[in-house]
Amino acid sequence: MKNQNHYVAIMAGGVGSRFWPMSKSSYPKQFLDILNTGRTLIQSTYDRFADFIPEENIYVVTSREYMEIVKQQLPNLPAENILGEPERKNTAACVAYISFKLKKMNPKANLIVAPSDHLIGDLDLFEETCLKALDYTESQEAFVTLGIQPNHPNTGYGYIQKSLESKQEGIFQVKRFTEKPDRETAKKFLKSGDYFWNSGIFIWRAEEIVHAFWEHVKHIYDLFEEALPALNTPEEDAAIEKAYAECRSISIDYAVMEKAENVFVIPSYFQWNDLGTWNSAWENFSKDESLNASNSKSTILVDSKGCLVHSNEDKLMVIGGLEDLIVVNTPEALLICKKENEQQIKEYVARVKEVKGELYI
């Protein structure tokens, strides 16, 4: 029996520029089937939450320009559960919007906030971990985040340090958050055993996070408190437009999680990847004996090693004598770069925009 006070907000407003040219601002990565699973990333996210959250309690917060795509990809989702942000103002505004709305609708609302583009396996364990967090926040004045057990010194993730003693079995108070560290620091974190990757999956009661906005970011609280009478009415869009126009662009991590004292982490052991880069996609594709990964049966790799080749066309592609490259082919564009340079893809996109305008972005 699903708990009617349990909700999930799927954040789906990003532009996914690090997956260019497959991901474009008009149709970003959360709406794509990056790994050829038969379901897009947002569809897979919806599926895993629908297993244990009442479907009428699943919400998607996205950019207004993507609302129609969400409707097409999630036809079972009620139209009123798709919330359109008028501007991109980072995650604090997104969290404030859904939290104020749900608190007004159901004062007992207990909420998971999760990105739309993560790859998660071991779904039974994922569900068990989420329900454990919801059970804790239901009875405690607490904010919970899921910390992923690290298996290598990744410098692309934020880290969470847990306290040594647990408040409840498997639930620890957070000692500190650390933004993306350098490699030596990441190695120390891994060796210590008390640091976890920040999954960006948060759990709390709507009432508690609304109070935290009042306590830590009064500016945001005041804007959404002013909008509150219009929420869940025909005037909601206009009120939210006004709130977003004046709202600071800040992440929920900076706004609340790094300031609040009642923040807890559950060390989590399900398969997780934030699928933020082409390298992370390469890690999750099956590979040949030379560690090449390709989604296309029309690709032939000869004397090549460690390459990722991604194409959504049937055109024959021959990759010969190359090593550790990213090759992405679409009808409009072709990207070829070294895997070690993948963080520069945003710069490549900026250069394309400078030279060619918006056509390929």
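Rings of Phe, Tyr and Trp (its six-membered ring) pair if their centres lie within 6.5 Å; planes under 30 degrees apart are stacked, over 60 edge-to-face, and the rest tilted. Heads-up: this is a predicted model, where local features need pLDDT of at least 70 and side-chain atom pairs count only at pLDDT 80 or more, while totals for chains, interfaces and linings use all residues. Residues are numbered from 1 along each chain as its sequence is written, and side-chain values use heavy atoms, with hydrogens and water left out.

**Exercise 1. Work through the aromatic pairs.**

Step 1: get the total. The pairing rule gives 19 aromatic pairs.

Step 2: classify Tyr27 and Phe31. Their ring centres are 6.1 Å apart and the planes meet at 65°, so this pair is edge-to-face. Tyr27 is partly exposed, at 34% relative accessible area, whereas Phe31 is buried, at 2%. (Buried is under 20% relative accessible area, exposed over 50%, partly exposed in between, with a 1.4 Å probe and protein chains only.)

Step 3: try Phe143 and Trp204. This pair is edge-to-face, with 5.9 Å centre to centre and 85° between the planes. Phe143 belongs to strand E6 (residues 143-148) and Trp204 to strand E9 (residues 195-205), so the pair ties together parts 61 residues apart in sequence. Phe143 and Trp204 are both buried. (Helices, H or I with at least four residues, and strands, E with at least two, are DSSP runs numbered from the N terminus.)

Step 4: look for a cluster. Tyr97, Phe100, Tyr221, Phe224 and Tyr244 make up one aromatic cluster.

**Exercise 2. Find charges that sit over rings.**

Step 1: set the test. NZ of Lys or CZ of Arg has to be within 6 Å of the ring centre and within 35 degrees of the ring normal.

Step 2: apply it. Lys162 lies over the face of Phe172, 4.3 Å from the ring centre. Lys339 has its charged end over the ring of Trp282, at 3.4 Å from the centre.

**Exercise 3. Lay out the sheet that contains E16.**

Step 1: write the order. This open sheet of 4 strands runs E12-E14-E16-E17, with mixed pairing. (Two strands pair if DSSP finds at least two bridges between them.)

Step 2: name the edges. Strand E12 (293-294) and strand E17 (334-338) each pair on one side only.

Step 3: zoom in on one pairing. Strand E16 (residues 325-329) and E17 run antiparallel and are joined by 5 bridges. Leu325 has Lys338 in E17 as its bridge partner.

**Exercise 4. Describe the cavity and the second largest pocket.**

Step 1: fix the terms. On a 1 Å grid over the protein atoms alone, a cavity is a set of points where a 1.4 Å probe fits but cannot get out; a pocket is an open set with protein on both sides within 12 Å along at least five of seven lines; lining residues have an atom within 4 Å of a point. Grid points are joined across faces, edges and corners, and a volume is the space filled by probe spheres set on the points.

Step 2: do the cavity. There is 1 cavity of 30 Å³ or more, and the largest cavity has a volume of about 40 Å³. Its lining includes Thr45, Arg48, Phe49 and His118. Helix H1 (41-50) and strand E4 (110-115) each give two or more residues to this lining, and H1 gives the most, with 3 residues.

Step 3: do the pocket. The second largest pocket has a volume of about 200 Å³. Of its 14 lining residues, the closest to the centre are Asn151, His152, Trp197, Trp272 and Asn273. Strand E11 (272-273) and helix H10 (278-284) each supply at least two residues of the lining.
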